[in-house]
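Let's walk through this model together, starting with its enclosed spaces and moving on to how its parts pack. Keep the viewer open as you read.

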Amino acid sequence: MEQLLVETPSLTYPVYIGENIRRHSAELLKPLLSKKSRALIITDSKVGALYGEELEKTLETILPTSLFTLPEGEQSKSIEAYEKGLTACIEENLDRHSVIVAFGGGVVGDLAGFVAATYMRGVSFVQMPTTLLAQDSSVGGKTGINHRLGKNLIGAFHQPEAVVYDTKTLETLSDNEWRSGFAEMIKHAYIKDPEFLHWLKSNVSTTEDMKNSKLLQFLKRSIAIKAEIVKTDEKEAGIRAFLNFGHTLGHALEKVSGYGQITHGEGVAAGMIFAMRLSNYLELSEWDINNEKKWLQQLGYPIDAPTLYSPETLINAMKMDKKSNAGKLTFVLTEKPGVPFLQTVNESDILFLLKEYKKGGDFQ
Ligand SMILES: NC(=O)c1ccc[n+]([C@@H]2O[C@H](COP(=O)([O-])OP(=O)(O)OC[C@H]3O[C@@H](n4cnc5c(N)ncnc54)[C@H](O)[C@@H]3O)[C@@H](O)[C@H]2O)c1
Ligand SMILES: [Zn+2]
């Protein structure tokens, strides 16, 4: 088992990463759980069916525990699902000394975290991520839900008190979920760690390679990068915004394709290449786009997905995203690996590039 510590101004907490450690979660979490009155595990239908009962029984050995299951998918990051989560807390008699355990992917983590942030003005919560993507979402304390007009528009910062990451559960993920999570790992490398990027490029050239024996090491490195960023900028006043690399177009693609068609990370991968093209076009970088694109396409990412939609539709979706500031589009761009910066970009430049994409222009 690997272990690291996330230090933020509001809370310091451990992250445990290892195979089958969900089975030892009672021991790992004992110092925390033994002080709590009750636990509510929030999960989704897929994860619940696979591992829910087992976890409930494990935690029951320490404190009264119940299980609340939401339908799987991004739809469960809705106001309605949030209300149901709160209702479960009330019906299960959770009080201010209770703990909520988020057991699932990023959707469950964000929703359960937001329930924990707001129920009785905030109760403890623990993240037990089950997707590769959740190596990113379970650390850092961003919780929230979607509004029908935009993603992640409602939320709170609320750090978990511990993260228990069982890599064994990743074995039941589909390949596009592997790709989704791996994109966030690649993103961490692009914005912060050229050496890690090189390591990933030399070890991973297919989706199958993502599941290799170095996974635990990759995860530890990726989480450490996230932890370092969150430590310096817990509330996204500065450098934490760099974590949005690839997300402006990524979120737009997720949205216009209808959530679930293009996974979060697949959209981010396409968005990262677009951001590189944008910074080259603005003469702020000299990325060898074809090279980067080739690697990501080999891994199965839908880099050309922006060509499937009209440029105007994509721009409108980007403007709705909270990462656009007062109608202007702010992008995270990268000069080269490890050197990200924020840039306000004219809509006309983005439109031009999206139109070039659609025409099939293979510009640098
Ligand atoms: N809070 C943050 O900092 C942060 C960061 C990145 C992403 N996010 C959010 O995370 C969400 C995406 O997360 P996700 O990709 O994990 O999506 P998800 O939670 O919807 O999981 C993807 C799919 O995999 C299934 N699944 C989960 N674990 C499984 C397992 N072990 N075996 C089989 N199937 C399993 C789920 O049921 C779902 O169908 C988005 O809403 C995004 O906004 C949040
Ligand atoms: Zn993301």
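Which elements each supply at least two residues of the lining of the largest cavity? Please keep in mind that the model you are looking at is predicted. The elements to pick out are β8 (150-157), α9 (247-256) and α12 (311-320). Of these, α9 gives the largest share of the lining, three residues.

To find the spot on screen, select L149, G150, K151, H251, A252, K255, Y259, A317, M320 and D321, which line the largest cavity. The space inside amounts to about 50 Å³. Sorted by class, the lining has five nonpolar, two polar and three charged residues.

Where does this cavity sit in the overall layout? The domain assignment divides the protein chain into domain 1 (2-172) and domain 2 (175-359). The largest cavity lies between domain 1 and domain 2, because both of them give residues to its lining.

It is worth pausing on the two domains themselves. Their C-alpha centres are 26 Å apart, and the contact takes 29 residues from domain 1 and 33 residues from domain 2.

An open space also belongs to this part of the tour. The second largest pocket, like the largest cavity, can be placed by its lining: domain 1 and domain 2 both contribute residues, so the pocket lies between them. Its volume is about 150 Å³. If you colour the lining, you will be marking E19, T167, K168, L170, E171, W178, K211, N212, S213, L215 and L216. That set comprises four nonpolar, three polar and four charged residues.

Back to the enclosed spaces. How many cavities of 30 Å³ or more does the structure hold? There are two, and the second largest cavity has about 40 Å³ of space. Its lining is made up of N244, F245, G246, H247, T248, L249, G271, A275, F331 and V332. Here α9, α10 and β11 (328-334) each supply at least two residues. Once again α9 provides the largest share, three residues. The class balance in the second largest cavity is five nonpolar, five polar and no charged residues.

Helix α10 is a good element to follow from here. With helix α13 (residues 347-359), helix α10 (residues 264-281) packs at an angle of about 120 degrees, and the two axes are 11 Å apart. The crossing of α10 and α13 is right-handed. On the α10 side you will find I273, F274, R277, L278 and Y281, which meet D349, I350, F352, L353, L354 and Y357 of α13. This contact of α10 with α13 has nine nonpolar residues, no polar ones and two charged ones.

What about the packing of α10 with helix α6 (residues 175-192)? The angle between α6 and α10 is about 35 degrees, with their axes 6 Å apart. The crossing of α6 and α10 is left-handed. From α6 the contact draws on N176, R179, S180, A183, E184, I186, K187 and Y190, while α10 brings H264, G265, E266, V268, A269, M272 and M276. In class terms, the contact of α6 with α10 has seven nonpolar, four polar and four charged residues.

To tie the tour together, look once more at α10: it packs with α13 at about 120 degrees and with α6 at about 35 degrees, and it also supplies at least two residues to the lining of the second largest cavity. Helix α9, in turn, gives the largest share of the lining in the largest cavity and in the second largest cavity. At the domain level, the largest cavity and the second largest pocket both lie between domain 1 and domain 2.

Note on methods: Residues numbered from 1 in each chain as written. Chains lettered and ligands numbered in written order. Predicted model: local features only at pLDDT ≥ 70, side-chain atom pairs only at ≥ 80, totals over all residues. Heavy atoms only, no water. 1 Å grid on protein atoms, 1.4 Å probe; cavity = no way out; pocket = protein on both sides within 12 Å on 5 of 7 lines; lining within 4 Å. Points joined across faces, edges and corners; volume = space filled by probe spheres on them. Nonpolar A, V, L, I, M, F, W, Y, C, P; charged D, E, K, R; others polar. Domains from an automatic or database assignment. Axes fitted to C-alpha atoms, helices over the stretch in contact; angles between N-to-C directions. Helix = DSSP H or I, 4+ residues; strand = E, 2+ residues; numbered from the N terminus. Left-handed = near helix turned anticlockwise from the far one by under 90°. Contact = heavy atoms within 4.5 Å.
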